[in-house]
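Visitor: I should like to understand the reasons behind the terms applied to this structure. Please take me through them one by one.

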Amino acid sequence: MDKVLSTILLVVAAVVCVVMVINAVYPAITSSSGALSSVSARMNERIKSQIDIIHAAGELDRNGVWRDTNSDGNFDVFVWVKNVGTENVDDIQRCDVFLTDTQMIWAWIPYVDYAGGTFPRWSYVIEGSTEWGTATTIKIEIHFSSTRSSGQYNVKVMIPNGVTDEYYFSM
């Protein structure tokens, strides 16, 4: 009888230990699987997202002189960016636009709604659509209050999920 009682107590203790281990390990497993699926979904979105800067140019007349050709009161740099991925790009105003000049000084250009009335700032127009979907191009206008010096420039656009493209051009 002594051995039976000891065996029962050991079985009960083993069951209690197993339950405690399961209660400690199971939440960690479920939270890590949730984190892995979240990372997987973000990576999948990023892989399906792709942009190409097609062309960039300053607001110059045919003689290469800065002119306010669209009569908006600013001197603009135009950048055409095509969505060549399979995902729509939402929240376009959250994109980052960078511009560098001949001195290789990078400048982050804020979106017009976040610029607080200061220059430079950028705005956009979706060409031929209402959303920036696959095979759709947007025209980004970087507005300056004065003319830019002529030379080599580089523009870099980053969409909200981190996908980037850059383009070198002369003005």
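**Reasons behind the terms**

Guide: Let us begin with an aromatic cluster, which Tyr111, Tyr114, Trp122 and Tyr124 form together. Please note that the model is a predicted one.

Visitor: How many aromatic pairs are there by the rule for ring centres?

Guide: The count comes to eight aromatic pairs. One of them joins Phe78 and Trp80.

Visitor: What makes the pair of Phe78 and Trp80 tilted?

Guide: The ring centres of Phe78 and Trp80 are 6.1 Å apart and the planes meet at 40°. A pair requires centres within 6.5 Å, and planes under 30 degrees apart would count as stacked, those over 60 as edge-to-face. The angle of 40° falls under neither heading, so the pair is tilted.

Visitor: Why is Phe78 called buried, and why is Trp80 called partly exposed?

Guide: The relative accessible area of Phe78 is 12%, and buried means under 20%, so Phe78 qualifies as buried. Trp80 has 24%; because partly exposed covers the range between under 20% and over 50%, Trp80 belongs there.

Visitor: Why is the pair of Tyr153 and Phe169 called stacked?

Guide: The planes of Tyr153 and Phe169 stand at 25°, with the centres 5.9 Å apart. Since stacked requires planes under 30 degrees apart and a pair requires centres within 6.5 Å, both conditions are met, and therefore the pair is stacked. Tyr153 belongs to strand β7 (residues 152–158) and Phe169 to strand β8 (residues 164–170), so the pair ties together parts 16 residues apart in sequence. Both residues are buried.

Visitor: How do you know that β7 and β8 are paired strands?

Guide: Seven bridges join β7 to β8. Pairing requires at least two bridges, so these strands pair; they run antiparallel. Val155 stands opposite Tyr167 in β8. In the hairpin of β7 and β8, five residues lie between the strands, and Gly162 takes a positive phi near 100°.

Visitor: What makes β3 a partner of β7?

Guide: Strand β3 (residues 96–100) and β7 are joined by five bridges; with at least two needed, they therefore count as paired. These strands also run antiparallel, and Asp96 stands opposite Met158 in β7.

Visitor: Which residues touch the most other members of the largest nonpolar core?

Guide: They are Val79, Val81, Trp132, Ile140, Ile142 and Val155, in a core of 28 residues. Strands that each supply at least two residues of this core include β1 (51–58), β2 (75–83) and β5 (121–127). The largest share, four residues, comes from β6. In soluble globular proteins, nonpolar side chains tend to be buried together.

Visitor: How do you know that the charged end of Arg121 sits over the ring of Phe119?

Guide: The charged end of Arg121 is 4.1 Å from the centre of the Phe119 ring. The limit is 6 Å, so the distance condition is met; the term also requires a position within 35 degrees of the ring normal.

Visitor: Why is Ser145 called partly exposed?

Guide: Ser145 has a relative accessible area of 49%. Exposed begins over 50% and buried means under 20%, so Ser145 is partly exposed. Ser145 is found in the loop between β6 and β7 and touches Phe75 and Phe119, leaving aside residues up to four places away in sequence. Its C-alpha atom is separated by 8.9 Å from that of Thr118, 27 residues away along the chain.

Key. Residues numbered from 1 in each chain as written. Predicted model: local features only at pLDDT ≥ 70, side-chain atom pairs only at ≥ 80, totals over all residues. Heavy atoms only, no water. Phe/Tyr/Trp six-rings, centres within 6.5 Å; stacked < 30°, edge-to-face > 60°. Buried < 20%, exposed > 50% of the residue type's maximum accessible area, 1.4 Å probe, protein only. Core = buried A, V, L, I, M, F, W, Y, C linked by side-chain atoms within 4.5 Å. Contact = heavy atoms within 4.5 Å.
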